[in-house]
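Biologist: I should be grateful for a close look at a single part of this protein, set in the context of the whole. Please explain how that part is placed and what surrounds it.

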Amino acid sequence: MSPAMRCACTCNSKVVHCAMLSVALLAAFLPDTSASNGSSSLLSGVAPPMVLPLLQGWAPQYTQTHSTVVQVGSSVERQLSAELDFVVTLDPAVATSGTLLIPVAAVPLVVTYNIPNISSPLNLSRGLLADIYAGNIRQWSDPAVRALNPFLDIPAGITVVIPQGSSARTLVFTAALCSFSASWKVKYGAFSDSSGFSRSTANVVLLD
């Protein structure tokens, strides 16, 4: 499951809504790495698994035009070190003095639902989605849900499944909920730790 959050009943994953997660490259102020004697210099960095293939695809092209070999490893490391020239991070807040923060990519975050044997895709407005995560809507049979999905006849309750711990994905998702719902923004705001959902009345399950 790639999304930040999931509404669950039983099975059949479908996309409901999408937010964008910014991916940034954190680099020190570096001198020109082009080798003057024709030999190749080296840049070393790490990237989280979700964006590693992108960086590995860019590296050979950069080497061809800059005479610089780029080595990118997989890591969730968020800070520069003496061994690293750059770090690709999902959390721009880690930037410190003496570093450059360069946006390099955006990753979609989606909300999925698991409902068996429904005849049509589920429709949820942004406001309804925020109400589900707030616990204002706790049943798939809620009139507000049925108004957009007259084919839906399921008496089951809604369980909200959330990745446990702190992450930039949770921060981006809850910031999106703030833009979807003025009520969510006032009551809960944007936060990065899954414990923030405990303030809502939704039936929340934390996923390791």
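Modeller: The protein exposes about 10,700 Å², and carbon and sulfur atoms supply 55% of that area. Please bear in mind that this is a predicted model. Of the 208 residues in the protein, 39% are buried. The secondary structure comprises 5 helices and 8 strands, and from the N terminus on the order of elements is β-β-β-α-β-β-β-α-α-β-α-α-β. Contacts across the sequence are also informative: among those between residues at least 6 apart, 75% join residues at least 24 apart.

The part I propose to examine is helix α1, which covers residues 52–66. Its length can be checked by a simple calculation. The helix has 15 residues, and the expected span is 1.5 Å times one less than that number. The result should therefore be 21 Å, and the C-alpha atoms at the two ends are indeed 21 Å apart, so expectation and model agree.

Which residues of α1 are buried? They are L52, L55 and A59. To be counted as buried, a residue must have under 20% relative accessible area. The buried residues of α1 pack against three strands, namely β3 (41–47), β4 (68–74) and β5 (86–89). After the helix comes S67, whose phi is positive, near 50 degrees.

For context, two further regions may be set beside α1. One concerns F180, a residue of helix α4, which spans residues 168–180. F180 has a relative accessible area of 17%, and it is therefore classed as buried, the cut-off being under 20%. Leaving aside residues up to four places away in sequence, F180 touches R126, G127 and L129. The C-alpha atom of F180 is also separated by 6.7 Å from that of A130, although the two residues are 50 apart along the chain.

The other region is aromatic. The structure holds 6 aromatic pairs. One of them joins W184 and Y188 in a tilted arrangement, with 4.6 Å from centre to centre and 50 degrees between the planes. W184 and Y188 are both buried. They also belong to one aromatic cluster, together with Y133, F173, F191 and F197.

To return to the part in question, α1 sets L52, L55 and A59 as its buried residues, and these pack against β3, β4 and β5.

Terms used:
Residues numbered from 1 in each chain as written. Predicted model: local features only at pLDDT ≥ 70, side-chain atom pairs only at ≥ 80, totals over all residues. Heavy atoms only, no water. Helix = DSSP H or I, 4+ residues; strand = E, 2+ residues; numbered from the N terminus. Buried < 20%, exposed > 50% of the residue type's maximum accessible area, 1.4 Å probe, protein only. Contact = heavy atoms within 4.5 Å. Areas by Shrake-Rupley, 256 points an atom, 1.4 Å probe, with all protein chains shown as cover. Phe/Tyr/Trp six-rings, centres within 6.5 Å; stacked < 30°, edge-to-face > 60°.
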